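Please find below a note on the structure under review. The points are numbered so that each may be checked against the coordinates.

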Amino acid sequence: MYSDRVLMQVRNLTVDYVGDHSVARAVNGIDFDIREGEAFGLAGESGCGKSTVAFALARLTRLPGLVSGGEVRLNGEDVLKFDKARLKAYRWNEVSFVFQSAMNALNPVIPVSEQIMDVIETHQPDLGAEGARKRASELFDLVGIPSRRLDDYPHQFSGGMRQRICIAIALALQPRLIIMDEPTTALDVVVQRDIIEQIVELKGRLGFSVLFITHDLGLMIEFCDRIGVMYSGELVEVAPAEAILTNPRHPYTRALGNSFPPLIGPRLRMEGIPGTPPDLRSLPEGCRFAPRCPHAMDVCRSVAPELRAYPELRSEAACHLLN
Amino acid sequence: MIYILRRVAFYLAAFFVAVTLNFFIPRIMPGDPSARIIASFQGRLNDAQVEAIRASYGTTGSLWEQYIGYVGQVLRMDFGISTVQFPEPTSSLLFYGATWTLVLVGIAITLAFLIGTMMGIHAAWNRGGFFDSVFTPINVMLNAFTPAVVALLLFYAFSLQLQWFPLGRAHSTGLVPSWDPQFIGNVLYHATLPVLSILIVSFGGWHLGMRNVMINLLNEDFVILARAKGLSDRRIRYRYVARNAILPQITSLALSVGFLLGGALVTEQVFNYPGLGKFTVTAIESRDYSFIQAQLLLLTMSALVANLLSDIANVILDPRLRKG
């Protein structure tokens with residue numbers, strides 16, 4: 001399904017939110033790789049920093065957000081050091097974006113054709129308006145929307161169709177990586193299924209990689225090849241999707257898995273995760289999950305565990321229990 | 001289209017209600033205009049003459065007959081004879097004043113809208129920057145001034161003291177109104193200070209309105225997506241942000257027309273400008289009923305027309321209002 005060639009290498013990525021009197025470290029030095037043709041998932045509760053990571057990779061972080069350290073290497077080049085001209089070429093040519101709410105991701109007062117064509121015309125000016133329009137109607141075909149509807153406005157489409165249009169826009173320049181930030185959260189489950197199948201099909205055909213973000217662990221396990229689980233701005237576990245399902249190493253991953261009902265099998269009493277994530281401005285010493293962890297030991301409350309590789313499971317996890 | 005027709009029907013109904021109120025309210029008040037004229041002749045009129053004067057002011061017959069007659073007159077844009085400037089027809093005075101007010105308010109409102117909106121776009125795009133932190137507070141402060149104070153200050157400084165601008169009138173005496181450049185230049189020269197005094201107190205509102213709506217839009221997903229697409233700053237600013245932020249501005253523009261026509265009253269008084277406001281003040285002082293009545297009706301009409309225009313503009317600019 002995917003090669004072992006690494007497309008994007010994230011090292012020690014650190015993102016802060018700067019307030020007037022305090023700094024909140026939303027992403028605290030995380031490392032992961034996205035391989036070519038792979039769907040890599042980032043899972044975690046709201047506020048764990050997964051969208052912040054996505055924005056940093058696309059160089060969309062804006063004040064009060066601040067990328068304060070680390071590297072994001074795309075084929076060896078550090079994305080975080082791109083100058084204006086290189087950044088312009090990077091955007092959409094190499095990395096594109098699909099947002100959660102398709103309603104808000106399209107400009108309501110201009111036709112969708114213009115919203116596809118403007119990105120093509122900006123990056124491939126020699127194609128001309130006619131070429132851009134031809135490409136736009138090809139893209140509509142690709143996502144299964146009749147191209148006669150090209151000049152319609154966003155409000156004339158259903159939620160699912162709007163998300164397909166967003167995917168068409170994301171594919172416009174055939175990028176290597178598409179970041180999908182909760183692409184199906186705003187849709188009902190049937191439409192959600194359609195959209196995911198469409199993405200799987202297109203990914204198989206066009207060979208792009210996906211960074212998939214959602215809080216829906218079940219959907220993620222199904223769609224992604226590998227998954228990183230984030231907690232409070234740190235990666236606590238990175239493993240193949242199957243291992244996350246069958247053999248989660250980190251207590252948080254296990255707890256997250258237990259928060260979703262299995263589709264088949266006996267009815268279970270769902271366990272939530274007691275407590276709430278820590279305030280980023282006053283973090284506990286040691287492991288950040290320790291205050292909510294049923295297995296916390298003394299060492300957990302004083303020493304922060306590091307992400308360590310467990311090659312026999314092809315996974316990485318940051319937990320003292322595993323040593 | 002259906003939307004527009006529905007709006008037109010609504011405004012026609014509103015206009016009819018205004019005409020009706022405009023007819024009945026003065027008749028609830030004691031005395032009528034013809035009684036005033038008749039009284040001024042101190043009994044030197046015979047019955048036929050009295051009847052003739054009553055007829056010319058539409059105060060003969062039953063209330064219902066008077067009402068039907070009034071509606072008919074309004075539809076023909078015939079507002080009768082001025083009570084004071086007898087026998088000048090009210091409509092000729094009204095349209096003369098309205099033309100000059102339209103020149104004044106038209107120029108001022110257009111400039112204020114353009115300047116304020118452009119400044120708002122710039123301030124929002126570079127919010128917290130130099131331009132925003134200097135001009136936004138200044139414009140808010142100017143917006144809080146009353147037109148009377150600004151008009152008096154300008155008049156005192158530039159007309160009385162420095163004498164750069166004329167003391168009054170819409171154009172120099174002796175010039176015959178026409179479309180030649182000399183006359184137009186003369187009109188603009190006379191209109192400069194009045195326009196400026198309306199402009200100074202009104203463009204800040206457009207600045208602030210545009211700035212606030214723009215800033216809210218900057219965090220919308222479609223704007224973030226436009227940035228992620230690597231589009232030029234210019235395109236994002238105008239096609240994605242300002243294009244959306246202009247919609248509420250258009251609606252406020254219509255609402256401000258009525259307000260500005262009222263506000264021009266003070267300006268015209270200070271600069272002795274022969275507009276509607278100036279005539280209205282004179283009419284109120286001299287109890288020129290037919291003029292006041294016609295002027296009220298004209299104000300109502302211009303507010304309705306302005307709203308209709310803004311509805312049409314909104315349909316053109318906002319596809320969500322179009323059906324099908």
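The points below take up the sheet of chain A, its strands and helices, and then chain B.

1. Status of the model. The structure is a predicted model. The remarks that follow should be read with that in mind.

2. The sheet of chain A. Eight strands of chain A make up an open sheet with mixed pairing, in the order β6-β7-β8-β3-β9-β10-β12-β11. Its edges are formed by β6 and β11 (308–310) of chain A, each of which pairs on one side only. From one strand to the next, the twist averages 20 degrees. As general background, strands of a sheet pair through backbone hydrogen bonds, in either a parallel or an antiparallel sense.

3. Strand β6(A). This edge strand covers residues 95–98 of chain A and pairs with β7(A) in the parallel sense over four bridges. Two of the pairings can be named: A:Ser96 stands opposite A:Ile178, and A:Val98 has A:Met180 as its bridge partner. The side chains of A:Val95 and A:Phe97 point one way from β6(A), while those of A:Ser96 and A:Val98 point the other way; all of these residues are buried. In general, the side chains of a regular strand alternate between the two faces of the sheet.

4. Strand β7(A). How many of the five residues of β7(A) are buried? Five of the five residues of this strand (residues 177–181) are buried, so β7(A) is largely enclosed by the rest of the structure. A:Leu177, A:Ile179 and A:Asp181 point one way, and A:Ile178 and A:Met180 the other way, all of them buried. The buried set thus includes A:Asp181.

5. Strand β8(A) and its two neighbours. Five bridges pair β7(A) with β8(A) (residues 209–213) in the parallel sense. Among the facing residues, A:Met180 stands opposite A:Phe212, and A:Ile178 has A:Val210 as its bridge partner. Next to β8(A) in the strand order is β3; β3(A) (residues 39–43) runs parallel to β8(A) and is joined to it by four bridges. There, A:Leu42 stands opposite A:Ile213. Like a covered element, β8(A) has five of its five residues buried. A:Ser209, A:Leu211 and A:Ile213 point one way from this strand, and A:Val210 and A:Phe212 the other way.

6. Rows across the sheet. Two residues of β7(A) link the pairings described above. A:Ile178 stands between A:Ser96 of β6(A) and A:Val210 of β8(A). A:Met180 is likewise partnered with A:Val98 and with A:Phe212. A:Ile178 and A:Met180 point the same way from β7(A).

7. The β-α-β unit. Which elements make the right-handed unit? They are β7(A), helix α7(A) (residues 189–206) and β8(A). The helix α7(A) has 18 residues and reaches 25 Å from its first C-alpha to its last, close to the 26 Å expected at 1.5 Å a residue. A:Gly207 follows α7(A) and has a positive phi, near 75 degrees.

8. Helix α6(A). This helix (residues 159–171) has 13 residues, and its first and last C-alpha atoms are 19 Å apart, close to the expected 18 Å. It is mostly covered, with 10 of its 13 residues buried. Among the buried residues are A:Arg162 and A:Arg164, together with A:Ile165, A:Ile167 and A:Ile169.

9. A:Thr52. Is this residue buried or exposed? A:Thr52, which lies in helix α1 (residues 50–57) of chain A, counts as buried because it has 21 C-beta neighbours inside 10 Å; the cut-off is 20 or more. Its C-alpha is separated by 29 Å from that of A:Leu321, which is 269 residues away along the chain.

10. Chain B. This chain has 12 helices and zero strands. Its C-alpha atoms fill a box of roughly 85 × 60 × 40 Å along the principal axes, and buried residues make up 33% of its 324 residues.

11. A helix pair in chain B. The axes of α5(B) (residues 90–125) and α8(B) (residues 181–218) come within 5 Å and cross at roughly 35 degrees. The crossing is right-handed. The residues of this contact divide into 24 nonpolar, eight polar and one charged.

Definitions and conventions
Residues are numbered from 1 along each chain as its sequence is written. Chains are lettered from A and ligands numbered from 1 in the order in which they are written. This is a predicted model: local features need pLDDT of at least 70, side-chain atom pairs count only at pLDDT 80 or more; totals for chains, interfaces and linings use all residues. The expected span of a helix is 1.5 Å times one less than its number of residues. A residue is buried if 20 or more other C-beta atoms lie within 10 Å of its own, exposed if 12 or fewer, and partly exposed in between; C-beta atoms are placed from the backbone. Two strands pair if DSSP finds at least two bridges between them. A crossover is right-handed if, with the strands pointing away from the viewer, the path from the first strand over the helix to the second runs clockwise. Axes are lines fitted to C-alpha atoms, for helices over the stretch in contact, and angles run from 0 to 180 degrees between N-to-C directions. A crossing is left-handed if the near helix is turned anticlockwise from the far one by less than a right angle, and right-handed if clockwise. Ala, Val, Leu, Ile, Met, Phe, Trp, Tyr, Cys and Pro count as nonpolar, Asp, Glu, Lys and Arg as charged, and the others, Gly among them, as polar.
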